Amino acid sequence: MTTLRIHPATGVARLGNSDEFFVGPEQPGIPANWNVSAGRFDPFKDATGRVKRQAARFRIFEFDDAGNAIREITLADVTKIEWRVHVANRKGSFFTFNGQRGAETDPPYSGRHAEPPDKIEKPNRGRGQPERRNRRDAAEPNRRNLEIDPGEQAISAPGELELVDNVTAAPIRSLGKIRMEADGRLLFFGGVGQTASSANPAPQIEEYANNDTWFDDVSDGVVRANVTLRDGSVISAESAWVIVGPPDFAPCIGHVVSLYETLWDLAVRFGFAARAGGDPTLADLVAQQTAWQPATNDFAATYRPSFTDHIYPILCRALGAQDVHQSPRADFHATLADWVRLSAPSEARLRAEVFKRIRDPSSTVPDWLNMPRGLGDDFTSLDEFEDGRRDAPSARAFLSLTHVQYALLKAWKEGRFDSDWRFGDVRFAPVPAPGPVTPHGLDGAALENCVGGPFFPGIEVGWLIREKSLYSAAFRFRDTGMTVGPLIFQAGFFSQQMAQPWTADFYDCHKEDHTPDDSSEPLIYMWWTAQRPDDVLPDAQSAHRRWVEPFDASKEPSAQGPDDITNLARFEQMRTRWHELSFVVLEGDSYVEQK
Amino acid sequence: MLLRVLTSVVLSLAIDPPLTAMAAAAQPIVREAITPGSEQEARKYYDNLTKEFGVNTSADASLSDLIAFAGYPLSAEQLESLDPEILISSERLGACNGGPCVNTRDMAGAVLRSGDILAARFFAPKIACVETSKPNPGWRKLVRLRVRPDSGASKAGIEAVIVLFNFFGPTGAAAFGGHSVNTQVMLLAPSHTNRLYWMDFDGAGRLSFALSATFDAGLTGCAARQYFVPHGCNACHGSPGNLRPPMVNYLDTDHWFDRVADDFADVTDPLLFDAHNNDTNSPEFARAFDVIRQFNEEALQQNNLVHRESFETAAARTWLGIHAASDAHVPPVARGFSTPPETNWQATEAEGLGLLNRFCFRCHGSVRFSIFDRPGVVSRAANMRQRIKPSAVQARTPGFKMPPDRTLTPEQITTLDNFLKSLE
């Protein structure tokens, strides 16, 4: 029986305020907007300085019973393709974001759901945050008015369709558009980065995630397709999902825990259905599933990772962070800039030295010092520790690699790896040459430049992405309609958890200093520096400058510095000027601002 | 994601430059291995010093002001030029013939007693630029003032002021006949958060934001560069990356003797200058050595207070153990302080340790690890090999290549690399 599936299983679009666009990455290792023939990035902004949108392109593939991809289905092969897309933005009616609140129950949000929606559960934040966003606003009893939901929209011939909600009372009605290409593929365009308040005058944005009366045009939802074959029969393809993120301002640098790796980790550890067919990456997934030892969160000794395919991709992202995150030590992570030695079987001591600096994701003890030097899902516990409300932060106050990433590095440390490095003494492996587009290649390429943690709340999605019951197979969500405790899996499911509006957190997710409890000296921790740079290099010969430096002049006089929590002007600067910020691109072997 | 407030107080005491300092517009790329800091941070640090202790850090502040703040009626010039034998003797300090005629009987609330002032002059290879075939030797004069009971310093919680004058010259006599090019000061305040606080003064005794040094001479040449307070000071006193208050470094007399066998073969003057000779059996040497011993005992006390289990404390304790009953020079291989003892350096490793002592001890006697802690070296050997023999990419990384203060010859690199490899 013919099986049709939409790929990528999760497509990623990104906001942009230009009419121009580029298509999101479609082959692993080749970033979005990379001009293969020129060997450099094309401009991320149009001639007027506006940011181009990243469109998510969806294709339909036919698979045989063994899981082999037979072919891509286009209009040349069938009578008709009907795409049905349903995205929504439900941020305004969802729970306030408060770290891990909601995650403590299984299923999630069961406890919070039972609380009065207008109970103030964050007394000190943003005039007091209730359980539900906008519950301070007694004048808005209709929760639907707080949502932007264009409903399911269908397109079955080449052309475009706007995704507009004509019912909502929200000040934003459009979440983007869909376009069917001449060959039948679907392009999804997210919002234009719009933010607006339903109040007049609009109140100041006061905090990073929960700002009542404010809205944005971020969304997510389901992508379905019905294919009419030449014999007249109609087959529904397995559905896909689309998420919309902010622009990735450093598209050539991956986050140390990508969303692909988070989903891969779930697939390995929980044995999500995976049929390799002829796909070598999926064959590796199956091999890892087979070798995984849940009791120890480790691989059986029989599994040997590849240095080039498994180890380098983790470590190179730490090295890449050098260019978008200025540290007091200019040589931080430079130990990693030696792939020849790091891949040599004889360098056991060096591997051990690197590995011992990696935070153990299984540890229940807060580890302030090790790597990644990033903040975690339970940042609230660090906040409470610093406010004197608890004795120590939780272990998850700091970012860890996934269990699978950690196990791969452990195998490498122990010498169980294939020493297959072939690029010599270079800072980074070259961008690969394009090859054939494959279904799983589309899945991976879409997700590898998304953030897979920490989810506080995150960049593209939040911690609900880890909910196992949502997955029908590795990397693929079930169709909508199921419930997760009090939540309905429906369009807007992931974006509802994200910052409202998106620009607020996008300013505040810069590096921060925090002081370990036995020290008088702070350390610097990152959030998502590979998506939202902390600092940028104007060129390879210059020193870093603060990425948001253009906003600094608008600092409120009473604030100590532009990042000071009392400088509310920072939120308005990012809200209105985000598109002025620079993109970081690869030049030579450095990541520098695109001119 | 929730922002925490970055307070100026915390940042001013931090090892890391404040984020605002990082915001400066495009500057020449920083290449130093030692974080130089900035004048802005130094100014902030001094402002906090004034708030915390009442010490004068205004634009016209001087070393003489500080000495007066500590309750001593001495000028900076006197402290710099007076013979240590006069400084440490209350009788000679009070003498009007041949002494500065200081009223030692009622000095800010008490009679000046023996031990209130400690002073010594000595050879200081650490401060010399070694990125040259003929290094100009460095010399130092250390004066430790126990603050007077009724002084402003005492009332503010400062217990002692340690003043370190820095001189250069082919001989001790020539060096000490000149002026300190830069004078570093520690304020010991054990009941305060950081235990130890920094000040710096220029050659004229005026408050300075930065000390001049050649820590990065391998990258920048022998022209001294500015390392701002507090980073330039913390860098060598156990604070950066160690997440604790800075520590007083013990004076390693043995290292001074080691170094006249390599880079400073031309130095024939007494290394403990006040001993007037290098005969470790002479009474003059013993007397001068006792001053160093006393200072190192106090350094150990401070180290114990800050971090009893640290390698810095172990190093100070080891020196005092080795020299409890002997003033004689002890070779590097007998100075290890590893526990258990069987993990210490072995005689067969003497040559390699000698290279580490020559090339690395300047910093890695007190920064992050000590080369005399063998397990500490072994655990870092692979990384040290990278630093000494970096990949082409690493060599381009600011601050990565080691040692930062000199360029090793290919032969030296090979020998050191092989030695470190053998440790793995």
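Six residues of helix H17 in chain B, Val377(B), Val378(B), Ala381(B), Met384(B), Arg385(B) and Ile388(B), meet Ile413(B), Leu416(B), Asp417(B), Leu420(B), Lys421(B) and Leu423(B) of helix H19(B). Sorted by class, the residues of this contact of H17(B) with H19(B) are 9 nonpolar, no polar and 3 charged. The model in which this contact appears is a predicted one.

Two packed helices are described by the angle between their axes and the distance between the axes. For H17(B), residues 374-388, and H19(B), residues 410-423, the axes come within 8 Å and cross at roughly 150°. An angle over 145 degrees counts as roughly antiparallel, so H17(B) is roughly antiparallel to H19(B). The crossing of H17(B) and H19(B) is left-handed.

Chain A offers two further helix pairs, and H2(A) takes part in each. Helix H2(A), residues 259-269, packs with helix H8(A), residues 403-413, at an angle of about 85°, the axes being 8 Å apart. The two helices H2(A) and H8(A) are therefore roughly perpendicular to each other. On the H2(A) side the contact involves Glu261(A), Trp264(A), Asp265(A), Val268(A) and Arg269(A), and on the H8(A) side His403(A), Val404(A) and Gln405(A). By class, the contact of H2(A) with H8(A) holds 3 nonpolar, 2 polar and 3 charged residues.

The second pair joins H2(A) to helix H3(A), residues 280-291; their axes come within 8 Å and cross at roughly 50°. H2(A) and H3(A) are therefore oblique to each other. Trp264(A), Ala267(A) and Val268(A) of H2(A) make this contact with Leu285(A), Gln288(A) and Gln289(A) of H3(A). The residues of the contact of H2(A) with H3(A) are 4 nonpolar, 2 polar and no charged. Trp264(A) and Val268(A) thus appear in the contact with H8(A) and again in the contact with H3(A).

Another helix of chain A, H7(A), covers residues 379-386, and its residues Phe379(A), Thr380(A), Ser381(A), Leu382(A) and Asp383(A) are buried. Strand S26(A), residues 512-514, is included in what covers the buried residues of H7(A). Just after H7(A) comes Gly388(A), with a positive phi of about 80°.

Two strand residues of chain A show contrasting surroundings. Asp220(A) lies in strand S17(A), residues 220-228. Is Asp220(A) buried or exposed? With 27 C-beta neighbours inside 10 Å, Asp220(A) counts as buried, because 20 or more are enough for that class. Leaving out residues up to four places away in sequence, Asp220(A) touches Val87(A), Trp241(A), Val242(A), Ile243(A), Val244(A), Gly492(A), Phe493(A), Phe494(A) and Ser495(A). Asp220(A) and Gly11(A) are 209 residues apart along the chain, and their C-alpha atoms are separated by 9.7 Å.

Val164(A) is found in strand S12(A), residues 159-164. It has 16 C-beta neighbours inside 10 Å, so Val164(A) counts as partly exposed. Beyond its neighbours within four places in sequence, Val164(A) is in contact with Pro150(A), Arg173(A) and Ser174(A). Lys177(A) is 13 residues from Val164(A) in sequence and 8.4 Å from it in space, C-alpha to C-alpha.

Back in chain B, helix H13(B) runs over residues 283-307. At 1.5 Å a residue, its 25 residues should span 36 Å, and the end C-alpha atoms are 35 Å apart, which agrees. Buried residues of H13(B) include Phe285(B), Phe289(B), Ile292(B), Asn296(B), Leu300(B) and Val306(B). What do the buried residues of H13(B) pack against? Strand S1(B), residues 117-123, strand S4(B), residues 182-188, helix H12(B), residues 253-259, and helix H14(B) are their partners.

After H14(B), residues 311-322, comes a loop that leads to helix H15(B), residues 350-359, and Ala324(B) is found in this loop. Ala324(B) is exposed, with 8 other C-beta atoms within 10 Å. Ala324(B) and Arg293(B) are 31 residues apart in sequence and 8.5 Å apart in space, C-alpha to C-alpha.

Helix H3(B) spans residues 39-53, and its 15 residues should cover 21 Å at 1.5 Å a residue; the end C-alpha atoms are 21 Å apart, which agrees. In H3(B), Glu41(B), Ala42(B), Lys44(B), Tyr45(B), Tyr46(B), Leu49(B) and Phe53(B) are buried. Gly54(B) follows H3(B) and has a positive phi, near 80°.

Technical notes
Residues numbered from 1 in each chain as written. Chains lettered and ligands numbered in written order. Predicted model: local features only at pLDDT ≥ 70, side-chain atom pairs only at ≥ 80, totals over all residues. Helix = DSSP H or I, 4+ residues; strand = E, 2+ residues; numbered from the N terminus. Buried ≥ 20, exposed ≤ 12 C-beta atoms within 10 Å, placed from the backbone. Expected span 1.5 Å × (residues − 1). Contact = placed C-beta atoms within 7 Å. Axes fitted to C-alpha atoms, helices over the stretch in contact; angles between N-to-C directions. Parallel < 35°, antiparallel > 145°, perpendicular 65-115°, else oblique. Left-handed = near helix turned anticlockwise from the far one by under 90°. Nonpolar A, V, L, I, M, F, W, Y, C, P; charged D, E, K, R; others polar.
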